[in-house]
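I am opening a notebook on a structure that is new to me. I will go from the whole chain down to single residues and write down what I look up.

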Amino acid sequence: MGTEGTKLKVIITGATGMVGEGVLFECLEHPAIEQVLIVNRKHYDAKHPKLKECIVPDFLNLDAVTSQLTGYDACFYCAGVSSSGMNESDYNHIIYDITVHFADKLASLNPPMIFNYVSGALTDSSEKGRIMWARVKGKTENALFRSAFKKVYIFRPGFMKPTPGQQNIKSYYKIIGSLYPLMRLLLPNQVSTMGDVGLAMINSVLKGYPKQVLEIKDINSLAKA
């Protein structure tokens, strides 16, 4: 897909979290994005000519909003939770059940759609490792690859420096963020900015990428494509 003259309509989930908010910022600023629909459980307080919002209290019950989810070119699925303190059943429900249900509904409504899923570095594609969150994320990735989308890209970021102006930032990210220039110098393939992640997602739709699983190095490379 060429970039010149291309205008995209995209759906973003998780805008009330750090990754989704950062991706939203990039989409609102990018000239190739003409419309952004954020799908949230709760309201995200922002106004922009490109921006629409769809409140969905239960992502497993989408029948009432199917018309609002139709007619889009891409979905940047950034919703998720930390596994800290969660048992595997509850974590699996949020990360696997809800994600795959939402993705299957979108695929039925928008077959030509490109679906980008934010996973994480060290995700376990074998689904058999000892680390619970990595198994569940791997299971989710594998299910998405079996979906009916035109293309699925899996993004596995590590540490991400927030974009200036972001509100939904965990406190420890603010602390570690001051070390970002040194981290980028010493560990260039282990860190990204939220801007890198957002641009890489947009470029995956505009330009494509030879890999469907994008590790940190791939994300940073695609951001500059």
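I began with the secondary structure: the protein chain has seven helices and nine strands. I then looked up the radius of gyration, which is 17 Å, close to the 17 Å from the globule rule for 225 residues, so the chain is as compact as a globular protein of that length. I keep in mind that this is a predicted model.

Next came the extent. I noted a C-alpha trace that spans about 45 × 40 × 35 Å along the principal axes.

I looked up burial for the whole protein chain, and 52% of its 225 residues count as buried. The accessible surface comes to about 10,700 Å². Carbon and sulfur atoms hold 54% of that surface.

I checked the contacts with a separation of 6 or more. Of these, 67% are between residues 24 or more positions apart.

For the charges I found 25 positive and 20 negative ones, with mean positions 4 Å apart.

Then I turned to the sheet. In what order do the strands of the open sheet lie? I read the order of its seven strands as 3-2-1-4-5-6-9, with parallel pairing. Its edge strands are strand 3 (51-55) and strand 9 (213-214), each of which pairs on one side only.

I looked at strand 1, residues 8-13. Five of its six residues are buried, so strand 1 is largely enclosed by the rest of the structure. Strand 1 pairs with strand 2 (residues 33-40) in the parallel sense, over six bridges. In this pairing I noted Thr 13, which stands opposite Val 39 in strand 2.

I also followed strand 4 (residues 74-77), which pairs with strand 5 (residues 114-118) in the parallel sense over four bridges. Here Phe 76 stands opposite Asn 116 in strand 5.

I chose Val 39 for a separate entry. Is Val 39 buried or exposed? Its relative accessible area is 1%, and the cut-off for buried is under 20%, so I enter Val 39 as buried.

Which residues does Val 39 touch, leaving out those up to four places away in sequence? I listed Ile 11, Ile 12, Thr 13, Gly 14, Cys 54, Val 56, Phe 59, Leu 69 and Phe 102. One of them, Thr 13, is the residue I had already entered as standing opposite Val 39.

Last, I looked up a distance from Val 39. Tyr 77 is 38 residues apart from Val 39 along the chain, and their C-alpha atoms are separated by 9.6 Å.

Conventions: Residues are numbered from 1 along each chain as its sequence is written. This is a predicted model: local features need pLDDT of at least 70, side-chain atom pairs count only at pLDDT 80 or more; totals for chains, interfaces and linings use all residues. Side-chain values use heavy atoms; hydrogens and water are left out. Helices (H or I, at least four residues) and strands (E, at least two) are DSSP runs, numbered from the N terminus. The radius of gyration is taken over C-alpha atoms; the globule rule is 2.2 Å times the number of residues to the power 0.38. Buried means under 20% relative accessible area, exposed over 50%, partly exposed in between (1.4 Å probe, protein chains only). Contact means heavy atoms within 4.5 Å. Accessible areas come from the Shrake-Rupley method with a 1.4 Å probe; for residues, only the protein chains shown count as cover. Lys and Arg count as positive and Asp and Glu as negative; His and the chain ends are not counted. The place of a charge is taken as NZ of Lys, CZ of Arg, CG of Asp or CD of Glu. Two strands pair if DSSP finds at least two bridges between them.
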